[in-house]
Amino acid sequence: MNVLASRLKGKFTLDPLTVKQFKRFRSIKRGFYSAVVLGVMIVMSFGAELLVNSRALVVSYQGELFFPTYGDIIPGRTFGLDYDYETDYRDLDGLLQERGGDDWVLMPVVPYDALENDLQPGVYPPYAPSLASGHYLGTDSTGRDVLARLIYGFRIAFAFSFLLLLCNYLIGIAVGCAMGFWGGLFDLIFQRVIEIWNLVPTLYVIMIVASIVVPTFWTLAAVMVLLGWTAMTWNMRTSTYKEKSREYVLAARALGASNPRMIGSHVIPNTISVIVTFIPFSIAGGITLLTALDYLGFGLPPPTPSWGELLSQGTSHLGSPWIVYSVVIAIGLVLVMVNYIGEAIREAFDPKKFTYYE
Amino acid sequence: MALRRERQCTSDRKGRPYAVLRAGSVVGALLVAGCGTETPSVFQAPVETEQVPTRTGVVLPPIEVQEGDGLPEALPDDLVWITNEEDPLYASPQAKRGGTLRTTILSFPLTLRRVGPDSNGSFAGYIRPNQFGPIALHPQTRRPIPALATHWAFGADGRSIYYRLNPEARWSDGVPVTADDFVYAVQFMRSEEIVAPWYNNYYTERIRDVKRYDDLTYAIQGASPMPGGEMHATYSFGPQPRHFHVLTDNWVAEFNWEIEPNTGPYEISEVRKGKYIVMERKDDWWGDDLKYFKHRFNPDRIHVKVIRDANVAFQHFLKGELDTFGLTLPSYWHDKATGEPFDKGYIAKYWFYSEIPAASGMYLNSEDPLLADEHIRFGLAHSMNFDHVIETVLRGDYERLSTFQIGFGDYDNHDIKPREWDLDKADAYFAAAGFDTRGGDGIRIREDGQRLSFKVTYGWPEHTERLVVLQEEATKAGVELQLDLLDSAGSFKKMREKKHQIAWMGWAAGGLSPGYWEHFHSVNAGKPQTNNLTNHANPEMDPLIMAYRVSATLEERVALARRLEQMVHDSGVVIPTFRVPYTRAGAWRWVKLPDWLGTRTAASLVSPFADTGGFSGGGLFWIDVDEKRRIREAKDEGRAFEPVTIVNTDYRRKQAG
């Protein structure tokens, strides 16, 4: 065990350069705090069901505890109501409180989910923000909670953007590296292929696809990866060219290292700073692209919660400014934070800080 | 204007100078250049008209008549010529001519043609109503009234109509409208050069023959007999300017931006591509003296501006840059059309109930394995909480539609009650179809694992609000609705290809009587490109539909229509959704309407042209130029008037039940 632990420790000792880079990143305050805040937001958004939900967290009914958040619906009859569809927990809460006794309901902070229409008799949505009703940012034009849609929309946009990044980088880095490493005819042919591929107008292709089939999360991501992987290739190609001609690669070759080993262990680790600095901007790009598509109505199908859809509702209901304010501020904040992080990373990974040219 | 002057100075009817010019002939070009002035002295070649290479286009074949069809060679002696001068007037004698109506369209038209590719855009609503037919329909009595024709008569075969044209009727270039223009219209519509398959088919299948008897007398023959008024509404068609069109293989491109002569009160006078189109009132329009056209079509100019976003257009309206704006949508009437210009009485709001035909619903594809079971169709109908949608999203403005189609006067079957939201009934029907248990997500599930889930195909993003509420309510009945939003053309394509499960849409219902053949006859079921979106095939219904189509007496037709409507209801293939039994508009106060606002069949109030919803009820308003100045001054000084909101319920039908 000890041996293993020490080996692992040896393996996981951070490269002094990386430690330096991380320290430098930490010292850039706004980037670092943005990263912390955004990180917390992302983690929290993945547990959004516990914070923003129309299902109760805990129901204590006749001595029995229920946890409805995850899993199957619990029909109203379970709690002595007269229907078979899912219990309305806000109603149940009021009912049990009125009745007194030992039964109780614990609702999440925001007691609405992103898909439900909370329509009040006699007045028409959009409803203004109100503490009493629990709609802290008001509702949209069909009475859905804006905060709930923002949070679930953020989760989807972020997951989408992250997936896009992963696929795009995987393909982009592989192709770019290969182009730079092998050069020659392979490089020439791929350059032309990519140039031609780049001319395909992404937005139009997505619009055409969206008018034929209803895009789902996966089809939309697939189309975007299909048209978006080229962006990374150019940078990787140049970096690889540069690294390939360095002495350590020559040395590795002289030692008889195979191509995959040279690329995997030498070239890519040394181009990592290029890759890392692009990541935040790619994330921001993914979020804006999805938002733009949803705004135009070519994105995820309704009623998926999405920022773009909120934005388009906001612009057509300018008389209810809370919709447009909420989403514009949210988009603004997230994009600013991502850009701060990007800036800080670029700064931290700037090779000029750590290398000395003689 | 320039184009028109050129056109008038040619003596040759077929060789338009424009086409000549484009043909590249020096002689032709000189002719145009010299037109109206003296022949240029530089080039003295003797020019004779016969030598001018005029373009005659393709020679259209004579009207082909199928066996069993055909009109008599000579005008029958026993015709009873009728006209209609006794129906009530509906325009206001207080109307004043003058002023400009400023209105808007969302996108610039792709063509100024009436037929052919791209001609069905929204600007068609400005071009087509200015092309009159032989008769129009009275918007109150729904009876024919004279337009291009003064008299008409019905043939003995029960499916032909004879028309006698008004000798005063003129095209906008001054050429008289003659019977030849109607014969030409059929040749034209049947020709392949116009690239309009629908019209090709319609003018072959539905219009069986047309014949000229003299310059002002002609007759048409339709496919099947029907009562007189219906026959007008179904078969009568407008003329085509024979002297204007040159049909060639390239007609679609060559005539794309040509301003076609018309017979209506307005003609296009200025086109700024991408920006605006101006239409001007004809000073000496032939129709001004006709009884039912007096005091109508009052503004001198109509300025149609392109504003690409409805919200932006509305802001223009609030600033007074547009005279009127439709407020039919609840969000406009209740939310957006509020505030200063309304409170201070500068803009008036009108809510007018009328009898507009309506046919919108959820059309269930009965070829779908689930929807083939009528229990599921009935259960589904009882799971749709339309009343909740009306009360919430639609603000109580719309009404629940009770039948497949309504709004045709006597034809309407008011005995049918729509299937209401009732979870117990839904439960019983679904249980009968084997869906008696619910899965973990609350959606019903059959023994074989089939979930009770349906795709709703639709094409209007603004309907999402309504569907989202329905969707949410349907889960209470254990039904899942998946929203399949496509763009409007794409969704209709999918429906016509019968690839939908549930089609959410509405038909532009028009005419005097409801139609059943296209929607429910079995010949249209189970194959693409027909309007039978439910794929309904009922052997009991087919003969009744055919009987309805050929029935010549009104009583019989009405009885059949009501019976058919009941059968549609009993089959459950259509879940009727909403109807909008009114039209609403906001208009600056200088736009004056008659005291009665509009007519029984009005589809809109501030419509500058004759046609609204198929009836000749438009063009009743006028612009009061003096009032406009006064209101503008008052607005600048901040003076307020009494706010105006008028709700007219003269033609509102009491909601049944």
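Which domains does the domain assignment give for chain A? There are two: domain 1 covers 54–106 and domain 2 covers 146–353. This is a predicted model, and the two domains of chain A have C-alpha centres that lie 44 Å apart.

Domain 1 of chain A contains residues 54–106, and three strands can be followed there. Strand β1(A), residues 58–61, pairs with strand β3(A), residues 104–106, in the antiparallel sense over 3 bridges. In that pairing S60(A) stands opposite W104(A). Strand β1(A) is also joined by 3 bridges to β2(A), residues 64–66, and these two strands run antiparallel as well. Here Y61(A) has E64(A) as its bridge partner. The strands β1(A) and β2(A) make a hairpin with 2 residues between them, and Q62(A) in the turn has a positive phi of about 50°.

In domain 2 of chain A, which runs over 146–353, a useful residue to look at is I283(A). I283(A) sits in helix α12(A), residues 259–296. Is I283(A) buried or exposed? It is buried, with 22 other C-beta atoms within 10 Å; the cut-off for a buried residue is 20 or more. Leaving out residues up to four places away in sequence, I283(A) touches S161(A), F162(A), L165(A) and V338(A). The C-alpha atom of I283(A) is also separated by 7.7 Å from that of F158(A), although the two residues are 125 apart along the chain.

Chain B has 20 helices and 25 strands. Its radius of gyration is 27 Å, close to the 26 Å that the globule rule gives for 657 residues, so chain B is as compact as a globular protein of that length. The C-alpha trace of chain B spans about 95 × 75 × 50 Å along its principal axes. Of the 657 residues in this chain, 44% count as buried. Among contacts in chain B between residues at least 6 apart in sequence, 71% join residues at least 24 apart.

The interior of chain B can be entered through the largest nonpolar core. This core has 149 residues, of which Y350(B), M384(B), V456(B), W504(B), A587(B) and L605(B) touch the most other members. Helix α5(B), residues 179–190, supplies the largest share of the core, with 8 residues. Where does this core lie with respect to domain 2 and domain 3 of chain B? Domain 2 (80–343 + 589–657) and domain 3 (360–579) both give residues to the core, so it lies between them. As for W504(B), its contacts, not counting residues up to four places away in sequence, are M362(B), V456(B), T457(B), Y458(B), H463(B) and L467(B). Apart from this core lies another, of 49 residues, among them A35(A), I151(A), Y152(A) and I341(A).

Helix α12(B), residues 374–382, is mostly covered, with 7 of its 9 residues buried. Those buried residues are I376(B), R377(B), F378(B), G379(B), L380(B), A381(B) and H382(B). The cover over them includes β13(B) (360–364), α14(B) (423–432) and β20(B) (574–576).

Two loop residues of chain B deserve a look at their backbone angles. Most residues other than glycine have a negative phi. H295(B), which is not a glycine, has a positive phi of about 60°. H295(B) is found in the loop between β9(B) (276–281) and β10(B) (301–306), and it is buried, with 20 other C-beta atoms within 10 Å. L597(B) also has a positive phi, near 65°. This residue lies in the loop between β23(B) (591–592) and β24(B) (622–623). L597(B) counts as buried, with 21 C-beta neighbours inside 10 Å.

The last step is the contact between the chains. How many residues does each chain give to it? Chain B gives 24 residues and chain A gives 20. On the side of chain B that touches chain A, the elements that give two or more residues are α10(B) (330–336), α15(B) (464–474) and β18(B) (480–485). Helix α15(B) gives the most to that side, with 5 residues. The residues of this side of chain B divide into 7 nonpolar, 7 polar and 10 charged.

Definitions and conventions: Residues are numbered from 1 along each chain as its sequence is written. Chains are lettered from A and ligands numbered from 1 in the order in which they are written. This is a predicted model: local features need pLDDT of at least 70, side-chain atom pairs count only at pLDDT 80 or more; totals for chains, interfaces and linings use all residues. Domain bounds come from an automatic or database domain assignment. Two residues are in contact if their C-beta atoms, placed from the backbone, lie within 7 Å. Helices (H or I, at least four residues) and strands (E, at least two) are DSSP runs, numbered from the N terminus. Ala, Val, Leu, Ile, Met, Phe, Trp, Tyr, Cys and Pro count as nonpolar, Asp, Glu, Lys and Arg as charged, and the others, Gly among them, as polar. The radius of gyration is taken over C-alpha atoms; the globule rule is 2.2 Å times the number of residues to the power 0.38. A residue is buried if 20 or more other C-beta atoms lie within 10 Å of its own, exposed if 12 or fewer, and partly exposed in between; C-beta atoms are placed from the backbone. A nonpolar core is a set of buried Ala, Val, Leu, Ile, Met, Phe, Trp, Tyr and Cys residues joined through C-beta atoms within 7 Å. Two strands pair if DSSP finds at least two bridges between them.
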